[in-house]
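Please open the model in your viewer and get your selection tool ready. We will go from stop to stop, and at each one I will say what to select and what is there.

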There are 4 protein chains.
Amino acid sequence: MSISIGILGATGYTGAELIRLLHGHEGSSVTYCSSRQYNGKNIAGVLPFFKGTFDITLEDFDPDAIKSRCDVVFSCLPHGTSAGFISRIAGDVKVIDLSADARLHDLDTYKAWYGDHGFPELLDKAVYGLCEVYREEIGQASLVANPGCYPTSILLPLIPLLKQGLIGTAGIIADSKSGVSGAGRGLSLKTHICEAGESFSAYKVGRSHRHIPEIEQELTKAAGKTVEIEFTPHLIPITRGMLSTIYVDTHADEATLKACVSSYYKDARFVHVLEEDFPSTKDVRGTNNCLIGLAKNDRTNRAVIVSVIDNLTKGASGQAVQSMNIMFGLPESRGLDSLPLFP
Amino acid sequence: MSISIGILGATGYTGAELIRLLHGHEGSSVTYCSSRQYNGKNIAGVLPFFKGTFDITLEDFDPDAIKSRCDVVFSCLPHGTSAGFISRIAGDVKVIDLSADARLHDLDTYKAWYGDHGFPELLDKAVYGLCEVYREEIGQASLVANPGCYPTSILLPLIPLLKQGLIGTAGIIADSKSGVSGAGRGLSLKTHICEAGESFSAYKVGRSHRHIPEIEQELTKAAGKTVEIEFTPHLIPITRGMLSTIYVDTHADEATLKACVSSYYKDARFVHVLEEDFPSTKDVRGTNNCLIGLAKNDRTNRAVIVSVIDNLTKGASGQAVQSMNIMFGLPESRGLDSLPLFP
Amino acid sequence: MSISIGILGATGYTGAELIRLLHGHEGSSVTYCSSRQYNGKNIAGVLPFFKGTFDITLEDFDPDAIKSRCDVVFSCLPHGTSAGFISRIAGDVKVIDLSADARLHDLDTYKAWYGDHGFPELLDKAVYGLCEVYREEIGQASLVANPGCYPTSILLPLIPLLKQGLIGTAGIIADSKSGVSGAGRGLSLKTHICEAGESFSAYKVGRSHRHIPEIEQELTKAAGKTVEIEFTPHLIPITRGMLSTIYVDTHADEATLKACVSSYYKDARFVHVLEEDFPSTKDVRGTNNCLIGLAKNDRTNRAVIVSVIDNLTKGASGQAVQSMNIMFGLPESRGLDSLPLFP
Amino acid sequence: MSISIGILGATGYTGAELIRLLHGHEGSSVTYCSSRQYNGKNIAGVLPFFKGTFDITLEDFDPDAIKSRCDVVFSCLPHGTSAGFISRIAGDVKVIDLSADARLHDLDTYKAWYGDHGFPELLDKAVYGLCEVYREEIGQASLVANPGCYPTSILLPLIPLLKQGLIGTAGIIADSKSGVSGAGRGLSLKTHICEAGESFSAYKVGRSHRHIPEIEQELTKAAGKTVEIEFTPHLIPITRGMLSTIYVDTHADEATLKACVSSYYKDARFVHVLEEDFPSTKDVRGTNNCLIGLAKNDRTNRAVIVSVIDNLTKGASGQAVQSMNIMFGLPESRGLDSLPLFP
């Protein structure tokens, strides 16, 4: 048996990354790729490096075709758009939504941050696809809301610490830095190499980035009480890579904190705590790994946590494939067991 | 009258940056450049782009030659080494020390962070060269300790707020990011383009970077009581540029905070608060400017401050030239009134 | 007396570079900046780094205002558009056109490469602004056609050799590489940092780049007979910098070839032949310099010439300011005598 | 049966790339890794990103251990050193030498370019490992000399054209550009991110790069008469990627030339001629592919060929794995069938 896979919005960065990862995934094949803009073209006419390795004609969205030809569909459509398309196929095929449309459980919160939601019933059906935390629920799910990249990098180290009550629920600060591919393939001066290159900047400073409610939802669940965070995203002049520097109040010592996180992920293939030193984004480039470093400052009773992921892999398409593996009962690391591209 | 200038350690990045800035500085000339390694060579043999524009033969350190030929000397030597050389000329010529050897007022603090100090008497004589804050003292000084790059980016926005008592003295966090030139011209895998390029990392996480006591010394002076900070430096894969994201507790509103900083620097040529939006490092590349953005998060009672400088200019050689201008009664912006290299 | 300067299309990369250079240019001031898109806005609202250093309100194109308020106008408008605007002010004010509209002497050649020319009479009036070669003509000109970036990097080393008859007129190959700013501020996937970054590519391979007729026109004039070249442009994933590797047939030895070029530029401030070794683009970043290296391969009777410029400075705005200096009888290097931004 | 693999010099860039590729290679395992410098350390202590994915203790070179534990050994040692180590194991195990020590058939040529050769008998035994050209010989070989990166990018497009007699044997020019990883992990100012970054330069201009005799040896074999080339290498400020722009004289038309190359590689998995347009280095990053574009300039009777490879994969470790597959009768693309890391 081979799993038949559909991808909605296949020509953006997360779509191309899915194809890259699924190309090395045994027991599945990509049989349907949609693109409104390039409908009818071969994908190698849009992304030339596919030539000779991956061959498919891009199609318009067609729910009947999807139902008859796909076992699972990844949606790489933008939020706001994704829900509408998913609503027409969910229930008939398994769906993994890489947009934000199904991540928040609370409709009012969605509206406050994203605007109207056309298909609020999705919010109830979806499982939040943070694989190491919701593995069991994902295994039973027919709709998975794939987490955002920033949330993934922040939640993975914090959830075990909050569950154990080792860190304060107030005063958490996440200072995060992302490669430019997180902004997608759309054109703007912000992504022009002459303006983004050789530069570094913060954006959406203050309480304004849409990943905030998603992060707070999950931290609150882990802590069992309301958690509010301070979150500042920055743009690194690189293509891939995300690093979050997280400040938390704690009276636990460094060894206890590390042991807590390590122990939570002791069976996890992709999440690792470094015994000493701190990770670089290049250590995980192109992989589904999350590496975590941690230092305790005993004078300030604060711990500084550094986590790195590849924003397009563990922060998007890699985690989505990981969810698919869980949903279909496959080994969780299938298609994801690679070393980083180094150097 | 023309000011005769000597540079110790002229072939490193801060030495070359001094020469670049002084090349456009009217009323002075660089008459002496020392280099132990390249003693006797023309500087264009070491840094070929000087050919045809700046011509000098590198010499060994010679206190008598310096006294007879220089009005002022910039030391670009490393800490630990710089003090010894300065001690043999200070008093006879004005000195601006770009190393850390004269920045800390307290000998025990120096020893705790840097090790033994060969010439502790320097600590008493030196004025801390943060020009916008210590302009008057610098005007009277014969020895100026040029601030570190991280401290400059953190102190400029915080000092006015602490002096006015608008922010808390506890819980200050500075999450700073620097271009690689801050690590100097020495060779290591950390600066190899194949390892530093397309990557991003934190280093000296926890209470371990030597700029911490310098920052705390100056914040404590501004606040009038002990300030301890959390400081995490990161490496950006660019040559020049530094951005500090600073988190402070405050009950003041955004407008009050911005007005406080703006007002403090209302006569300053190089320090500017943006009315809205946040600066990029590229906005100040190659200039002596510091740009500051600020947002208040009313839910957390915290302000997020973003400041940018060029680590080699305002963070090193530019501020040193600014001090020289003040010491010699010249217009403060002479040689420093340039626009950034954009794009 | 101060020269009053207008800039058409002031918010693109060459416009911004003109302002940067003219900011340090004594005896002139920019009094008029046009922008169709940003008409009425302050330039710092478009390019924020100007804030506090350069202040002007962008205006729509107005020939009467220009005539009354400007001594000289730089046109940074695109080819095809520039000629129309220039035709309404030329004769009343001096004009330096950074577009290709006045570079070619032959109308049919223009049409073949660029399409219809609205104001062919410009072609006769314009002097080709390669300053080191046409200094005298520029001094008498009221309309200067500023050379293209690729042509500048190729013509400067070749013209002396062709004038002296030291190299063959057949078989010249120029393999050129440019930073991305040469493509301008417009948006395309070719300039998206995620696609252009960490990559290298050729474009317009074969006889298709529009700089070819300009290069051949000038080489033909220098040689006194028809010269055809092979020209391949490439895109370097950097902002600024251009390097041309040029292959020529010759029976002269290396010393003779170098002496020929050196001698031709012996009084030139900006063009230098390296005695040994070869230049990097970083050696000239932000400067108006052209550095040239040359090696003779005696087995193939071929010389390999490497020339570097900053495509936005000597390749565009810097050379335009140099022409302005010549046109107004100022020292040729005024405003251009800077060292490169290193590192 | 599983192939047991040894790697000499495992901690450099080509060694790490071998491990990355072999990690996804079914039917083999890396059982021996030597490192003189890090003897006794776990490889994850040297290259931290291996932690959790690849685990081996580095050992000193030990011919007996190799003979008893390895079926094949890859040597990633530098030229001059490699031959000595290989001579002690060749004959007992299959060897693929990534250095230049076994590439040249003629001892005098080796001496002229590299100096003395300690084990000249290797030169006779080795097969040149350009897989698409010498597939049969590699299948019979016990010692394969893995081609250099520049030669691979130049030979692949030229060999079919020379074999067919479609291009001239005189006047071939290869203007090649390489990412910095080609210079290896050693430290020098040339690889310092502050000097190599945001720059572009030529090096070893004229007849001086050691890859020249290797290229000429193979072109001469293909042409059946002596071929001399002009070769200029350049450094691109990226980690991985190589692009060669090759100029050849020809009277054949574009379609004929493309058909010749396409036809030669019609069964090749990794070498492809683009029907139109030209490849970027990013199109092959991390893959074993070589993409080729070609344009004919009918006015100059010259063709311009652009080829791209990843210098560490098809230009080094990937081609070495391809040779191993051929030597052991495995499918040629095993472990190498991946899509590029995009973006």
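**Stop 1: chains C and D**

Select chain C and chain D: a rotation of 180° with 0.0 Å of shift along its axis lays chain C on chain D, with an RMSD of 0.0 Å. The superposition is a least-squares fit on the C-alpha atoms of residues with pLDDT of at least 70 in both copies. The same surface serves both copies, as 100% of the contact residues of chain C recur in chain D; two residues are in contact if their C-beta atoms, placed from the backbone, lie within 7 Å.

Before moving on, please note that this is a predicted model, in which local features need pLDDT of at least 70 and side-chain atom pairs count only at pLDDT 80 or more, while totals for chains, interfaces and linings use all residues. Residues are numbered from 1 along each chain as its sequence is written, and chains are lettered from A and ligands numbered from 1 in the order in which they are written.

How many residues does the contact take from chain C and from chain D? It takes 37 residues from chain C and 38 residues from chain D. On the side of chain C that touches chain D, the elements that each supply at least two residues include strand E7 (172-179), helix H9 (193-196), strand E9 (229-236) and strand E12 (290-297). Helices (H or I, at least four residues) and strands (E, at least two) are DSSP runs numbered from the N terminus. Colour that side by class and you will find 15 nonpolar, twelve polar and ten charged residues. Here Ala, Val, Leu, Ile, Met, Phe, Trp, Tyr, Cys and Pro count as nonpolar, Asp, Glu, Lys and Arg as charged, and the others, Gly among them, as polar.

**Stop 2: chains C and A**

Now swap chain D for chain A. A turn of 180° and a shift of 0.0 Å along the axis lay chain C on chain A with an RMSD of 0.0 Å. The two copies are thus related as by a two-fold rotation axis. Of the residues of chain C, C:Ile193 comes closest to this rotation axis, with its C-alpha at 2.1 Å. The contact takes 13 residues from each side, chain C and chain A. The side of chain C that touches chain A has six nonpolar, six polar and one charged residues.

**Stop 3: two helices of chain C**

Next, select residues 149-163 (helix H8) and 254-264 (helix H11) of chain C, which pack at an angle of about 105° with their axes 9 Å apart. The axes are lines fitted to C-alpha atoms, for helices over the stretch in contact, and angles run from 0 to 180 degrees between N-to-C directions. H8(C) is therefore roughly perpendicular to H11(C), a label for angles of 65 to 115 degrees. Show side chains for C:Pro157, C:Pro160 and C:Leu161 of H8(C), and for C:Leu257, C:Cys260, C:Val261 and C:Tyr264 of H11(C), which make the contact. By class, this contact has seven nonpolar, no polar and no charged residues.

**Stop 4: B:Glu228**

Finally, centre on B:Glu228, in the loop between helix H10 (211-223) and strand E9 (229-235) of chain B. B:Glu228 counts as partly exposed because it has 18 C-beta neighbours inside 10 Å; 20 or more would make a residue buried, and 12 or fewer exposed, with C-beta atoms placed from the backbone. Leaving aside neighbours within four places in sequence, B:Glu228 is in contact with A:Arg299, A:Thr300 and B:Glu216. Draw a C-alpha distance from B:Glu228 to B:Pro213, 15 residues apart along the chain, and it should read 8.9 Å.

Conventions: Parallel < 35°, antiparallel > 145°, perpendicular 65-115°, else oblique.
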